[in-house]
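Grab a pencil and work through these exercises with the structure open beside you. Try each task before you read its solution.

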Amino acid sequence: MHCNKILTAPSLVSSTNLQYLKLTNVTIDEGFCKWISCCCKCIKKLQILNIAGVRNISIESSSLEHLHVSIFRDLHLNISCEKLEDIHIEWRFASTSSRSFKVFAPNLKYLKWIGNLLNNQNLGKLMCLEKAEIFLKHGVDNNDFSNVLEVLCSVCRAKVLILSGEMTKVKIKTETLL
(Lines give C-alpha, C1' and ligand atoms only; values in the text may rest on other atoms or scores of the structure.)
Protein backbone atom coordinates (compact mmCIF):
# COMPACT_ATOMS: atom_id res chain seq x y z
CA MET A 1 0.00 0.00 0.00
CA HIS A 2 1.44 3.33 -1.03
CA CYS A 3 -0.56 6.48 -0.52
CA ASN A 4 -0.42 9.87 1.11
CA LYS A 5 -3.44 9.27 3.34
CA ILE A 6 -4.03 8.39 6.96
CA LEU A 7 -4.73 4.69 7.44
CA THR A 8 -6.88 3.75 10.39
CA ALA A 9 -6.69 0.28 11.80
CA PRO A 10 -9.36 -2.18 10.69
CA SER A 11 -11.54 -3.78 13.32
CA LEU A 12 -9.76 -6.07 15.77
CA VAL A 13 -12.74 -8.42 15.61
CA SER A 14 -11.97 -9.92 12.22
CA SER A 15 -8.97 -12.04 11.38
CA THR A 16 -7.21 -12.00 8.02
CA ASN A 17 -5.19 -14.48 5.94
CA LEU A 18 -2.85 -11.69 4.84
CA GLN A 19 0.67 -13.05 4.30
CA TYR A 20 2.51 -9.99 2.96
CA LEU A 21 2.02 -6.31 3.76
CA LYS A 22 4.06 -3.37 2.52
CA LEU A 23 3.28 0.10 3.86
CA THR A 24 5.09 2.96 2.10
CA ASN A 25 4.72 6.71 2.72
CA VAL A 26 1.58 6.38 4.80
CA THR A 27 0.40 7.85 8.07
CA ILE A 28 -0.96 5.23 10.43
CA ASP A 29 -2.76 5.46 13.73
CA GLU A 30 -1.60 3.75 16.95
CA GLY A 31 -4.04 0.87 16.44
CA PHE A 32 -2.54 -0.24 13.14
CA CYS A 33 0.38 -2.14 14.69
CA LYS A 34 -2.00 -3.72 17.18
CA TRP A 35 -4.17 -4.86 14.26
CA ILE A 36 -1.14 -6.45 12.59
CA SER A 37 -0.18 -8.18 15.84
CA CYS A 38 -3.68 -9.38 16.74
CA CYS A 39 -5.41 -10.06 13.43
CA CYS A 40 -2.70 -10.97 10.93
CA LYS A 41 -2.04 -14.50 12.19
CA CYS A 42 -0.66 -15.72 8.84
CA ILE A 43 1.60 -12.79 7.99
CA LYS A 44 5.06 -13.88 6.87
CA LYS A 45 6.56 -10.68 5.48
CA LEU A 46 6.07 -7.09 6.63
CA GLN A 47 7.65 -3.94 5.19
CA ILE A 48 7.15 -0.59 6.91
CA LEU A 49 8.82 2.12 4.85
CA ASN A 50 8.77 5.82 5.72
CA ILE A 51 5.61 5.90 7.80
CA ALA A 52 4.34 8.74 9.93
CA GLY A 53 1.79 9.25 12.65
CA VAL A 54 2.95 6.88 15.36
CA ARG A 55 5.50 7.30 18.14
CA ASN A 56 5.52 3.59 18.97
CA ILE A 57 5.76 0.66 16.60
CA SER A 58 5.20 -2.63 18.41
CA ILE A 59 5.01 -5.79 16.35
CA GLU A 60 4.22 -9.10 18.02
CA SER A 61 3.68 -12.08 15.77
CA SER A 62 3.84 -15.84 15.94
CA SER A 63 4.06 -16.15 12.13
CA LEU A 64 6.24 -13.24 10.90
CA GLU A 65 9.48 -14.40 9.24
CA HIS A 66 10.77 -11.30 7.42
CA LEU A 67 10.66 -7.68 8.59
CA HIS A 68 11.96 -4.58 6.81
CA VAL A 69 11.60 -1.23 8.57
CA SER A 70 12.86 2.03 7.09
CA ILE A 71 12.24 5.13 9.22
CA PHE A 72 13.69 8.60 9.28
CA ARG A 73 12.36 9.98 12.55
CA ASP A 74 12.20 9.42 16.28
CA LEU A 75 10.07 6.64 17.71
CA HIS A 76 10.14 3.51 19.84
CA LEU A 77 10.45 0.21 17.94
CA ASN A 78 9.60 -3.05 19.71
CA ILE A 79 9.70 -6.38 17.89
CA SER A 80 8.69 -9.68 19.44
CA CYS A 81 8.47 -12.48 16.88
CA GLU A 82 9.49 -16.05 17.62
CA LYS A 83 9.68 -17.20 13.97
CA LEU A 84 11.43 -14.08 12.70
CA GLU A 85 14.47 -15.05 10.62
CA ASP A 86 15.35 -11.81 8.85
CA ILE A 87 15.34 -8.18 10.02
CA HIS A 88 16.44 -5.25 7.90
CA ILE A 89 16.34 -1.94 9.78
CA GLU A 90 17.24 1.40 8.24
CA TRP A 91 16.82 4.09 10.86
CA ARG A 92 18.24 7.58 10.57
CA PHE A 93 17.44 10.63 12.65
CA ALA A 94 18.80 14.09 13.30
CA SER A 95 17.29 15.10 16.64
CA THR A 96 17.96 14.21 20.27
CA SER A 97 14.40 13.09 21.03
CA SER A 98 13.58 9.86 22.80
CA ARG A 99 13.77 6.60 20.86
CA SER A 100 14.45 2.94 21.60
CA PHE A 101 14.86 -0.36 19.79
CA LYS A 102 14.02 -3.67 21.47
CA VAL A 103 14.01 -7.09 19.81
CA PHE A 104 12.92 -10.54 20.90
CA ALA A 105 13.62 -12.87 17.98
CA PRO A 106 15.26 -16.08 19.23
CA ASN A 107 15.36 -17.65 15.75
CA LEU A 108 16.82 -14.66 13.93
CA LYS A 109 19.34 -15.71 11.28
CA TYR A 110 20.02 -12.45 9.44
CA LEU A 111 20.25 -8.91 10.80
CA LYS A 112 21.02 -5.83 8.76
CA TRP A 113 20.97 -2.52 10.66
CA ILE A 114 21.82 0.75 8.92
CA GLY A 115 21.64 4.21 10.46
CA ASN A 116 22.44 5.87 13.75
CA LEU A 117 23.58 4.23 16.95
CA LEU A 118 21.01 4.58 19.71
CA ASN A 119 21.51 5.17 23.40
CA ASN A 120 18.74 2.66 24.17
CA GLN A 121 18.69 -0.63 22.29
CA ASN A 122 18.27 -4.22 23.35
CA LEU A 123 18.74 -6.85 20.67
CA GLY A 124 18.49 -9.71 23.12
CA LYS A 125 20.29 -13.01 22.74
CA LEU A 126 20.51 -13.88 19.08
CA MET A 127 21.55 -17.53 19.40
CA CYS A 128 20.80 -18.59 15.79
CA LEU A 129 22.36 -15.59 14.06
CA GLU A 130 24.23 -16.54 10.89
CA LYS A 131 24.97 -13.10 9.47
CA ALA A 132 24.92 -9.61 10.93
CA GLU A 133 25.60 -6.45 8.97
CA ILE A 134 25.90 -3.41 11.22
CA PHE A 135 26.42 -0.04 9.54
CA LEU A 136 25.87 2.45 12.35
CA LYS A 137 27.14 5.96 12.83
CA HIS A 138 27.26 7.90 16.04
CA GLY A 139 23.99 9.75 16.53
CA VAL A 140 23.67 13.38 17.53
CA ASP A 141 23.27 12.47 21.21
CA ASN A 142 25.79 9.61 21.56
CA ASN A 143 28.66 10.34 23.90
CA ASP A 144 28.83 6.93 25.54
CA PHE A 145 30.65 4.09 23.75
CA SER A 146 29.23 1.34 25.98
CA ASN A 147 26.18 0.97 23.75
CA VAL A 148 28.48 -0.24 20.94
CA LEU A 149 29.54 -3.09 23.20
CA GLU A 150 25.88 -3.96 23.82
CA VAL A 151 25.26 -4.27 20.10
CA LEU A 152 28.42 -6.31 19.54
CA CYS A 153 27.62 -8.65 22.44
CA SER A 154 24.18 -9.31 20.95
CA VAL A 155 25.65 -10.31 17.58
CA CYS A 156 28.77 -12.11 18.87
CA ARG A 157 27.47 -15.55 17.86
CA ALA A 158 27.06 -14.58 14.20
CA LYS A 159 29.00 -16.74 11.79
CA VAL A 160 29.54 -13.68 9.57
CA LEU A 161 29.86 -10.19 11.01
CA ILE A 162 30.20 -7.14 8.78
CA LEU A 163 30.78 -3.77 10.50
CA SER A 164 31.01 -0.27 9.10
CA GLY A 165 34.31 1.55 9.40
CA GLU A 166 32.87 3.86 12.04
CA MET A 167 31.74 0.91 14.16
CA THR A 168 35.22 -0.60 14.14
CA LYS A 169 36.76 2.77 15.10
CA VAL A 170 34.35 3.09 18.01
CA LYS A 171 35.20 -0.48 19.03
CA ILE A 172 38.91 0.35 19.06
CA LYS A 173 38.28 3.54 21.10
CA THR A 174 36.20 1.53 23.56
CA GLU A 175 38.96 -1.02 24.06
CA THR A 176 41.53 1.70 24.73
CA LEU A 177 39.23 3.25 27.34
CA LEU A 178 38.85 -0.05 29.20
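**Exercise 1: strand partners**

Which residue of strand 8 does L67 stand opposite?

Solution. Keep in mind that you're looking at a predicted model.
- Step 1: Start with the strands that pair up. Strand 6 (66–71) and strand 8 (residues 86–91) run parallel and are joined by six bridges.
- Step 2: Now go to L67 and look across to strand 8: the residue opposite is I87.
- Step 3: Strand 6 has another parallel partner, strand 4, and five bridges join these two. Here Q47 has H68 of strand 6 as its bridge partner.

**Exercise 2: the whole protein**

Work out how many helices and strands the protein has, and what share of its residues is buried.

Solution.
- Step 1: Go through the secondary structure, and you get three helices and 13 strands.
- Step 2: For burial, the cut-off is under 20% relative accessible area. Of the 178 residues, 42% are buried.
- Step 3: Turn to the surface. The protein exposes about 9000 Å², with 53% of that coming from carbon and sulfur atoms.
- Step 4: Finally, check the contacts with a separation of 6 or more: 38% of them are between residues 24 or more positions apart.

**Exercise 3: helix 1 and its cysteines**

Find the buried residues of helix 1, then say which strands they pack against.

Solution.
- Step 1: Helix 1 covers residues 31–39, and its buried residues are F32, C33, W35, I36, S37 and C39.
- Step 2: Follow these buried residues outwards and you meet strand 1 (6–7), strand 2, strand 3, strand 4 and strand 5.
- Step 3: Check for disulfides: the structure holds zero. Take C39, whose nearest cysteine sulfur belongs to C38 and sits 5.9 Å away. A disulfide needs the two sulfurs within 2.5 Å, so that pair doesn't qualify.
- Step 4: Do likewise for C42: the nearest cysteine sulfur is that of C40, 8.9 Å away, and C42 is in no disulfide.
- Step 5: Compare their surroundings. C39 counts as buried because its relative accessibility is 2%, while C42, with 30%, is partly exposed.

**Exercise 4: a serine in a loop**

Is S63 buried or exposed? Find what its side chain meets, too.

Solution.
- Step 1: Locate S63 in the loop between strand 5 and strand 6.
- Step 2: Its relative accessible area is 5%, so S63 is buried.
- Step 3: List the neighbours, skipping residues up to four places away in sequence: S63 touches C40, K41, C42, I43, K44 and K83.
- Step 4: Zoom in on K41. Its backbone oxygen is 3.1 Å from a polar atom of the S63 side chain.

**Exercise 5: two asparagines with positive phi**

What sign does phi have in N25 and N50, and where do these residues lie?

Solution.
- Step 1: Recall the background: most residues other than glycine have a negative phi.
- Step 2: Read off the angles. Phi is positive in N25, near 50 degrees, and in N50, at about 55 degrees.
- Step 3: Place them. N25 is in the loop between strand 2 (20–24) and strand 3 (27–28), and N50 is in the loop between strand 4 (45–49) and strand 5 (56–61).
- Step 4: Check exposure. N25 has 28% relative accessibility, so it counts as partly exposed; N50, with 36%, is partly exposed as well.

Key
Residues numbered from 1 in each chain as written. Predicted model: local features only at pLDDT ≥ 70, side-chain atom pairs only at ≥ 80, totals over all residues. Heavy atoms only, no water. Helix = DSSP H or I, 4+ residues; strand = E, 2+ residues; numbered from the N terminus. Buried < 20%, exposed > 50% of the residue type's maximum accessible area, 1.4 Å probe, protein only. Contact = heavy atoms within 4.5 Å. Areas by Shrake-Rupley, 256 points an atom, 1.4 Å probe, with all protein chains shown as cover. Polar contact = N/O pair within 3.5 Å; in protein donor to acceptor, adjacent residues only side chain to side chain. Pairing = 2+ DSSP bridges.
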